[in-house]
Amino acid sequence: MSQLKKVLVVAENESAILELTAGAAFLGEHTELIYAGNQDMAWNAEIAYYAGDLQDASFLSYTSAILSVVNETQPSLIMTEATKNGRHLAAAIATAFNSSVLTDALEISVEENAVVSTRMVYGGAAAKKEKSLGGIAVTCVGAGVFEAKQIKKTKNISPLNMGESKIRLLERRGKAVKTVNLSAAKCVVGVGRGFGSAENVDIAKRFAEALGGEVGCSRPVGEEEKWLPKETYLGISGVMIKPDVYIACGISGQVQHMTGVNQAKTIIAINKDKGAPIFEKCDYGIVGDLKKILPALTDKIKG
Amino acid sequence: MNIVACYKCVPEEEEIEIKGNQTLDLSKAQWKVGQYDLNAVEAGMQIYEEVGGTVSVLTAGDAVVDNSKLRKSILSRGPEQMYAVKDEALNVADSYATAQALKSAINKIDNVDLVLCGEGSGDIYSQQVGSVLGSMLGWACVNSVGKINAANGNLIVERSIESGMEVLEISLPAVVCVTSDINIPRIPAMKDILGAGKKNATVWSLSELNTEIKNGSDTISILAPEQTERLQTIYEGDSDENIDEIYKQLRKLNLF
């Protein structure tokens, strides 16, 4: 694999900084970082630019300042987080360099000096491999794509001044939503429509907790029933999982969903419908009532 | 306030077939308006009902943009006018190329104050076009907006992001991308559907807009992943013995 000259990381979460800068060190010779939040989070970059703690401004207001850094440092690749801020900043940077963002990258490589990424499309039915054509490649990268590493603390940190912005922050409200890192989970319990109601989803949560796992869901549960956050629905926008075990509960096994969980080492299915397609796509299956099976398993696990 | 809500015509994904060589066959799939775009149209209608002005819709794509069923579907949601950029080249347009086409249409439409986009397209879902369009136009632009207040001639928006909520004041003209939680799109009544057929639709080619589009990325392949072979050991019935078999398999995985 050929190496890039310089990779610039833009991030505001410590886990993303550690993952993306470690990935940058793998893909390129030099790493630089633009970051916001806690000043103490700069790692693995030779030079870092600090936008402050964002108490009085949105990260989006730093767009023109970020573009100035990009113009000055001329990286070959820019990596952002696959968050709302990361996507928007990536779009602004790519547009300035006549490029398209390679979004929700699950794999990134450098082939013949072009940055190539793979991502899921059509709700998880297919993987799209794409290549950047612009002057600078820009990608937003899902959590867990690179392994987080603390190679070297960054000492060379300069402040990033905001510059002009058409957006003014009036107020920050509410707390951070708990983001589940499904892509890094060893065990994922999948919730399907078979649960019948939002209340019953607690059975899955208790089961996942006993296993030390996370809870994901099918598209209808995340998007139509809204029993669980949309971000946890398996098969779109980077939520591809690769756990040791995936336990599909009340999930029929539609193709888009199965693609999203295909990389699980073991798949266990629980469904009351003997004819559900999931039973052809699992390693172990049990035909029966999940409202009986899951609490019984939870009790056994807890001993 | 003159509002343009953007939408994309997308294939019904459950009707996409996977062929033997792992490629996708879209030829049997019906087309529909992207589900997240309906939130943008509804947000536009709600602002219009509060402060007045106009609501139009705009799309870019190949021949499908002219499909009369889709045209009626989008216009039955309330907008008074449809605009479309139609060109075969848009069949393979990425977010950068799509935004170029939308930008030239917006420049052609008079006095646009606010462009609304959905959270992402229903098929590729890169969540990029709105942010790219805002950058190209040089307008104020934010994504992930869950509430819009346009009562005082400027825009106050609530932006829900992973770290919480930002209340932002943004100048006009602006491009705002709304979340799928901002509203529940209205269901058109029969009279809305009948009335939609009489509304005005303007379709431009790229050359009529004096514009050319260029992708910023190149698709190498779109392939359905091969499914892993599975053991398919099935226990029929939720007897204690069968539950215990599943428990034994879980225990083997050393999770607890």
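**Entry: A:Ser99**

I began with A:Ser99, which is buried because 24 other C-beta atoms lie within 10 Å. A note to myself before going on: this is a predicted model. I then looked up where A:Ser99 sits, and found it in the loop of chain A between helix 3 (84-96) and strand 5 (101-105).

What does A:Ser99 touch, not counting residues up to four places away in sequence? In its own chain I listed A:Ala94 and then A:Ser132, A:Leu133, A:Gly134, A:Gly135, A:Ile136, A:Ala137 and A:Val138. From chain B I noted B:Tyr96 and B:Gly216. I also checked A:Ser99 against A:Ile268: the two are 169 residues apart in sequence, and their C-alpha atoms are 42 Å apart in space.

**Entry: A:Lys6**

Next I went to A:Lys6, in strand 1 (residues 4-11) of chain A. Is A:Lys6 buried or exposed? Neither quite fits: A:Lys6 counts as partly exposed, because it has 17 C-beta neighbours inside 10 Å, and buried would take 20 or more.

I set aside the neighbours of A:Lys6 within four places in sequence and wrote down its contacts. They are A:Gly28, A:Glu29, A:His30 and A:Glu32, then A:Thr73, A:Pro75 and A:Ser76. For a distance check I took A:Ile108, which is 102 residues from A:Lys6 in sequence and 15 Å from it in space, C-alpha to C-alpha.

**Entry: chain A as a whole**

I stepped back to the full chain. Chain A has 7 helices and 16 strands, and 58% of its 303 residues count as buried. Its C-alpha atoms fill a box of roughly 60 × 45 × 35 Å along the principal axes.

How does the radius of gyration of chain A fit that of a compact globule? I found 21 Å for chain A, which agrees with the value near 19 Å that a compact globule of 303 residues would have. Looking at contacts between residues at least 6 apart in sequence, I saw that 64% join residues at least 24 apart.

The domain assignment of chain A gives domain 1 (4-159) and domain 2 (182-302). I looked up the spacing too: the C-alpha centres of these two domains of chain A lie 32 Å apart.

**Entry: chain B as a whole**

I did the equivalent reading for the partner. Chain B has 6 helices and 15 strands. Of its 256 residues, 48% count as buried, and its C-alpha atoms fill a box of roughly 70 × 40 × 40 Å along the principal axes. Among contacts in chain B with a separation of 6 or more, residues 24 or more positions apart account for 74%.

**Entry: strand 1 of chain B**

Strand 1 (residues 2-7) of chain B caught my eye as mostly covered, with 5 of its 6 residues buried. Which strands does it pair with? One is strand 6 (residues 54-61) of chain B, in the parallel sense over 6 bridges; there I found B:Thr54 as the bridge partner of B:Asn2. Another is strand 8 (residues 114-117) of chain B, also parallel, through 3 bridges. In that pairing, B:Ile3 has B:Leu114 as its bridge partner.

**Entry: where the chains meet**

I turned to the contact between the chains, which takes 79 residues from chain A and 62 residues from chain B. Several elements of chain B each supply at least two residues to its side, among them helix 3 (95-108), helix 4 (129-137), strand 9 (140-149) and helix 6 (240-252). By class, I noted 29 nonpolar, 23 polar and 10 charged residues on the side of chain B that touches chain A.

I also found a strand pairing across the chains: strand 8 (residues 126-132) of chain A runs antiparallel to strand 14 of chain B, with 6 bridges. Within strand 14 of chain B, B:Ser221 stands opposite A:Lys129.

**Entry: nonpolar cores**

Last, I looked for the nonpolar cores. In soluble globular proteins, nonpolar side chains tend to be buried together. The largest core here has 119 residues, and A:Val9, B:Leu116 and B:Val176 touch the most other members. Leaving aside neighbours within four places in sequence, B:Leu116 is in contact with B:Ile3, B:Ala5, B:Cys6, B:Ala40, B:Ala43, B:Gly44, B:Val176 and B:Val178. Apart from that core I found another, of 61 residues, including A:Ala126, A:Leu234, A:Phe279 and A:Leu297.

Definitions and conventions
Residues are numbered from 1 along each chain as its sequence is written. Chains are lettered from A and ligands numbered from 1 in the order in which they are written. This is a predicted model: local features need pLDDT of at least 70, side-chain atom pairs count only at pLDDT 80 or more; totals for chains, interfaces and linings use all residues. Helices (H or I, at least four residues) and strands (E, at least two) are DSSP runs, numbered from the N terminus. A residue is buried if 20 or more other C-beta atoms lie within 10 Å of its own, exposed if 12 or fewer, and partly exposed in between; C-beta atoms are placed from the backbone. Two residues are in contact if their C-beta atoms, placed from the backbone, lie within 7 Å. The radius of gyration is taken over C-alpha atoms; the globule rule is 2.2 Å times the number of residues to the power 0.38. Ala, Val, Leu, Ile, Met, Phe, Trp, Tyr, Cys and Pro count as nonpolar, Asp, Glu, Lys and Arg as charged, and the others, Gly among them, as polar. Two strands pair if DSSP finds at least two bridges between them. A nonpolar core is a set of buried Ala, Val, Leu, Ile, Met, Phe, Trp, Tyr and Cys residues joined through C-beta atoms within 7 Å. Domain bounds come from an automatic or database domain assignment.
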